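Biologist: Please take a close look at one part of this model, its cavities. I would like their linings described in one connected account.

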Amino acid sequence: SVRCHNIKHVFALTLSSVTMAAGSWFVAGHAFAYGGRGCILGSAGFFNHDLENEEHFMMEGNLHWVVNWTQCMAGLAVVAGSVAERMNVDLFLVFSLLFSSLLFPLLSRSAWSPHGMFGGVSNCSDSGIKQVIDFGGSGVVHFAGGVAGSVAAWMLGQRIRRINEGSTTESSNLSTVLSGLGAILLWGGLHGVGTVFASNTIEPALVTGRVAVNMSLAAVASCVTVTAISRFRFNGMWRVELSLKGLICGAVSALAGCATMEPAVALLTGVVAGAGQSVFGHLLRKWIDDVVDGSSVHG
């Protein structure tokens, strides 16, 4: 995780992602994602033109813009965590511009726009491509951020004086309290994302309850799975930071189908996600210095 003397750098990356995502999403991002009828990228609505007269998935245009802007920031935050302590802030600004104005709109268009490649009503769907359900952004937001972060971290290389996972000095350089607080806040934020989308469905009360239950079960199942695996790996030692990663991984994995899956399936999703995070996180750490394990937790 991030070391104390680089905290300002992390804050700078976070502020860069917020500001650049807002500007890019206003100028072209939302238009590319939801404007017009093209199946690859949109062609209307630049600079939020005529946004108040739009409606997306029973959501008013301005509200829809804000919700998707926060989703774009979430994807960038995953990347910022993966490349912390190394990437130049100016370079990250350029990356944020490309991510929020091209990559994220392209993925949003394909999965969330009714006219996108997997939207179900576009000309692209006539080719036999089935509609994809990504209710809260497991793929569009988190998988995209995890993959982009892992590629960027691999290109940047390892940090100077990187602390090995098994060293005794690691715990003294990290704050378990702050890590736990951040994980709980993030878990609550993921629940908020699911319930916001659920409140704009035909049966909001029913869907909101199902989303909350499934995301809770998946997160808990993933946390327990990661904890069990880590205790086996480290001879019965509790690794709280790994359990926290399992909690977030489970919630992220359930975002896509939390509105449609059964509770038993949510439990199974969490178990598979926790096992995958433990295995791939351990393997990727040998080749990629991903500061917050964003590639295995979110990707």
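Modeller: A helix here is a DSSP run of H or I with at least four residues, and helices are numbered from the N terminus. The model is predicted. It holds two cavities of 30 Å³ or more. The largest cavity has about 70 Å³ of space. Eleven residues line the largest cavity, and those closest to its centre are Arg233, Leu242, Gln277, Ser278 and Arg285. Two helices, helix 7 (204-233) and helix 9 (263-284), each give at least two residues to this lining. By residue class, the lining of the largest cavity has five polar, three charged and three nonpolar residues. Glycine is counted with the polar residues in this division, while Asp, Glu, Lys and Arg count as charged.

The second largest cavity encloses about 40 Å³ of space. Its lining is made up of Gly281, Leu284, Arg285, Ile288, Asp290, Asp293, Ser295 and Ser296. Helix 9 and helix 10 (294-297) are the elements that supply two or more of these residues. The lining of the second largest cavity comprises three charged, three polar and two nonpolar residues.

Two names link the cavities. Helix 9 gives at least two residues to the lining of the largest cavity and two or more to that of the second largest. Arg285 is among the residues closest to the centre of the largest cavity, and Arg285 also lines the second largest.

Technical notes. Residues numbered from 1 in each chain as written. Predicted model: local features only at pLDDT ≥ 70, side-chain atom pairs only at ≥ 80, totals over all residues. Heavy atoms only, no water. 1 Å grid on protein atoms, 1.4 Å probe; cavity = no way out; pocket = protein on both sides within 12 Å on 5 of 7 lines; lining within 4 Å. Points joined across faces, edges and corners; volume = space filled by probe spheres on them.
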